[in-house]
Amino acid sequence: MEQRVGSVLRRHGLIIAFLVFLVGVAVNASAFLTPGNIMDVLRQVSITGLMAVGVTFVVLTGRLDLSVGSLLTLLTVIVVDQHNVVGPFPAIMMTLLAGACIGAFNGVLVGFVGLNALIVTLAMLSFLQGLVLFYSGGSNVNVENAQATWFAVFGRGTFLGLPVPVVIFLLGALIAGLVLQFTSFGRKVYGVGGNETASIFSGIDARWTVFWTYVISGLATGVAAIVMGSRVMGAQNTIGQGYELTVLAGIILGGTSLLGGSGSIWRTVIGISMLGFIQNGLLLLGFPYYVQWLVTWVIIIIAVWIDLGAKRGRIFA
Amino acid sequence: MSQAILKVEGITKTFPGVKALDNVSFDIRPGEVHALVGENGAGKSTLMKTLAGLHRCDGGEIFYQGAPLSLSGPLDARRKGILLIHQELSLSPELSVAENIYLGAWQTNRFGMLKKRELRRNATTALEALGCGFGPDVRLGTLSVAMQQMVEIARAEAFSANVVIFDEPTASLTDSEKDQLFQTIRGLKARGVGIVYISHKMDEIFDITDRITVLRDGQVQGTVDTADTDLNQITRMMIGRTLDAYFVKAKAEFGDEVLRVEGLSKRGLFSDASFSVRQGEVLGLYGLVGAGRSELVETVFGVRRADAGRLFWKGREIDWPTPRQSIDMGMALVPESRKEQGLVLMMGGRENTSLPHLRRFSDLTVMNRAREMAVYEKYRSALSIKTTGPDQAVSQLSGGNQQKFVLAKWLCAEPGLIILDEPTRGIDVGSKSAIHELIADLAEQGLAVIVISSEMPEVLGVSHRVLAMSEGSIVAEFKGDAMTEEHLIDSVSHAREPVAAE
């Protein structure tokens, strides 16, 4: 009996802790589990969620993408600024293209040149932060005719009663999940992450597989930037700051292994949503918003610890 | 009969889904070499890891020097005088020999600094006792595998071990290094150390051991005196039946040439290698580890790039292929290391089988699971692979079953040429002979087969023709009556002679 409780705790410990947390918050803040608040949380989660869906591909190959936070800033600035210049549709296309290109750049450096993913994307984070300021000249940008444009639909619209950002997020997650589970590309991603050498011996060009995961990551961040720009109808130069960590925390919390080869999109959706509810719950309990950064630390450590502990059967090394 | 130094009584160890050890009892006497044999997955490694403090058993008891033994970990075992010498060496290449001998058990002064002088002195004593030709200050990474193994054995001296467990110690040793190792083992034995010797190589077991304990499916099948038994009896105990012939050779009916390689060179690895292989032919490639055999076939397959050379496929000259192109052409390479190069361990058998042929198993990139399952099931049953299901991670399978999945993944493409790099290394006798039979079958079906092996009986037994490789060059070719162990040894050691001569 005791053993069974132990193994349930180990396997579902995070979920159980999360449910306890939900109940705890709901008891203390009656607004927490109302439909309106739940939709709010999902709407907030949809931007990091879209990014996390893309980054999950990269993580499954055993690599990292830390550049997505700055990339979100840059792309949001681009989509908002270009909206004023070339109109909504071309601006959206440019944003997606720019996201894919930056991703491809990371992909070449990691996949083909063989540089360390952590360093390449960390450097890219810095580079893009600078690039944003070159682009914007340091000032914030705003959509000029905010009341008149259909561009608002991505961030503020509703579809069948659901906020459009949530629909885009879930749709993106569904497509990504299908690609990973049912296509040969998905199989290659798991293969390269699980054992790169064996995959190469099996005729899989690991370089291209890695390359495409970064393109997907950049593209997903592009979609997130469109939602973000549409919701805010403007962009500050710091709008995506720190998002790369939230994204990574969500992926880890979902249980996708940073070593590659194991994990999935639905895990990421669960992980990033849990993170959203935790942050929202803390706000409702009256904590300042910056407490989320402290909590992110706790969550990353605990999630990774539980994962490792379950794998090796011991809590300590 | 002397008193047992280590006595195992009825120990049991269960892993999720498997009873790895089932009521196992055996003992080790001082001054004896006790062989532990069994097929892969029989429980040898689990038993040894339990004795060395890496596993805790679920039931039963271990008595050491007459008292019940409980271990907190491998270091504790080492301190108490039980030393496990791993199959894969457990040393740190960046540290010195002396630091490695005492790895994890370093003496420190009260400021936490390493007592370097004492460490060196003790290490020197241990090395000298073994007659090692190197000092304690050498960086470990610069030593050969055999020398590194001596460093591990030096721990036996340094910790005055009473029990030393060797797990497949000769797997990557040359013959002369093996002789030296056996001398060392006899030295330990003369000093009253109890030795457990795990190996798949029967000639070694009959050469060096005093008693043999056979494990099968986690149970002890019996313990016999080596002098009173023979290979047949041991094999019968191991697999529950006798093996009449170890090697089956395919009928020598050859068709057209499948592959020809001319003047293949890669600086530092091999030079000017030329050979060809025909349909229905089994070409053996013999050489010691480090002779460049694996590198040569990996280059032919396209995993590595050559500096120079020409490649002909079915009579037509082709550009150097990528692995993808090689596979599509009909070439298959079963690589040397199944865990590093052969399998994605966390995937199941189904996904591993289809990994090289994703395009064949998908329609417009969408995987066709029914087709995948059909092929998986066909080869799983043809090779009689034991799993709990198509998605059971192959990491949970025994070495023999893993190797069969590597074969399945390459055979299911029905290739024209299959290259097998050490296909039977580290697998049990039963799976071994199954693979030998398979090689003969494949050749008779008209495949061209290249078999790399460092086991002479194997390479001579299965091949129609054997190339001997030494230090990156193909030094000789033998066929028919010229295919003898003497000739092979002669050819590869001839090239080495000037280096080895004193």
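The following paragraphs describe a predicted model of two chains, A and B, moving from overall dimensions to helix packing, sheets, domains and the contact between the chains.

Residues are numbered from 1 along each chain as its sequence is written, and chains are lettered from A and ligands numbered from 1 in the order in which they are written. Because the model is predicted, local features need pLDDT of at least 70 and side-chain atom pairs count only at pLDDT 80 or more, whereas totals for chains, interfaces and linings use all residues.

Chain A contains 13 helices and 4 strands; helices (H or I, at least four residues) and strands (E, at least two) are DSSP runs, numbered from the N terminus. The radius of gyration of chain A is 20 Å, close to the 20 Å that the globule rule gives for 317 residues, so chain A is as compact as a globular protein of that length. This radius is taken over C-alpha atoms, and the globule rule is 2.2 Å times the number of residues to the power 0.38. Along the principal axes, the C-alpha atoms of chain A fill a box of roughly 65 × 55 × 35 Å. Chain B has 17 helices and 22 strands. With a radius of gyration of 24 Å, close to the 23 Å expected from the globule rule for 502 residues, chain B is likewise as compact as a globular protein of its length. The C-alpha trace of chain B spans about 70 × 55 × 50 Å along its principal axes.

Two packed helices are described by the angle between their axes and the distance between the axes. Axes are lines fitted to C-alpha atoms, for helices over the stretch in contact, and angles run from 0 to 180 degrees between N-to-C directions. In chain A, helix H2 (residues 35-60) packs against helix H10 (residues 206-232) at an angle of about 175°, with the axes 7 Å apart. The two helices are therefore roughly antiparallel, a description used for angles over 145 degrees, while those under 35 count as roughly parallel, 65 to 115 as roughly perpendicular and the rest as oblique. Residues are in contact if their C-beta atoms, placed from the backbone, lie within 7 Å. Among the residues that meet are A:Ser46, A:Leu50 and A:Phe57 in H2(A) and A:Tyr214, A:Leu219 and A:Val227 in H10(A). This contact comprises 15 nonpolar, 5 polar and no charged residues. Here Ala, Val, Leu, Ile, Met, Phe, Trp, Tyr, Cys and Pro count as nonpolar, Asp, Glu, Lys and Arg as charged, and the others, Gly among them, as polar.

Helix H7 (residues 164-182) of chain A also packs with H10(A), the axes coming within 11 Å and crossing at roughly 175°. H7(A) is thus roughly antiparallel to H10(A). A:Pro165, A:Ile168 and A:Gly172 of H7(A) make the contact with A:Ala220, A:Val223, A:Val227 and A:Arg231 of H10(A). By class, these are 5 nonpolar, 1 polar and 1 charged residues.

In chain B, an open sheet of 6 strands follows the order S16-S19-S20-S13-S21-S22, with mixed pairing; two strands pair if DSSP finds at least two bridges between them. Strands S16 (331-334) and S22 (473-479) stand at the edges, each with a single partner strand, so one side of each is left without a neighbour in the sheet. Neighbouring strands are turned by 15° against each other on average, direction ignored. Strand S19 (residues 417-421) and strand S20 (residues 448-453) pair in the parallel sense over 5 bridges, and B:Val449 in S20(B) is the bridge partner of B:Ile418. Helix H15 (residues 429-444) of chain B packs on this sheet and touches strand S13 (282-286), S19 and S20, its direction making about 155° with that of S20(B).

Elsewhere in chain B, strand S1 (residues 6-15) and strand S4 (residues 59-64) pair in the antiparallel sense over 5 bridges, with B:Leu6 opposite B:Tyr64. S4(B) also pairs in the antiparallel sense with strand S5 (residues 67-68), over 2 bridges. In the hairpin of S4(B) and S5(B), which has 2 residues between the strands, B:Gln65 takes a positive phi near 50°.

Chain B is divided into domain 1 (6-239), domain 2 (243-330 + 417-502) and domain 3 (345-414), with bounds from an automatic or database domain assignment. Domains 2 and 3 of chain B have C-alpha centres 26 Å apart, and each gives 6 residues to their contact.

The contact between the chains takes 23 residues from chain B and 20 residues from chain A. On the side of chain B, the elements giving two or more residues are helix H10 (323-329), helix H11 (338-342) and strand S18 (366-367). That side has 15 nonpolar, 4 polar and 4 charged residues.
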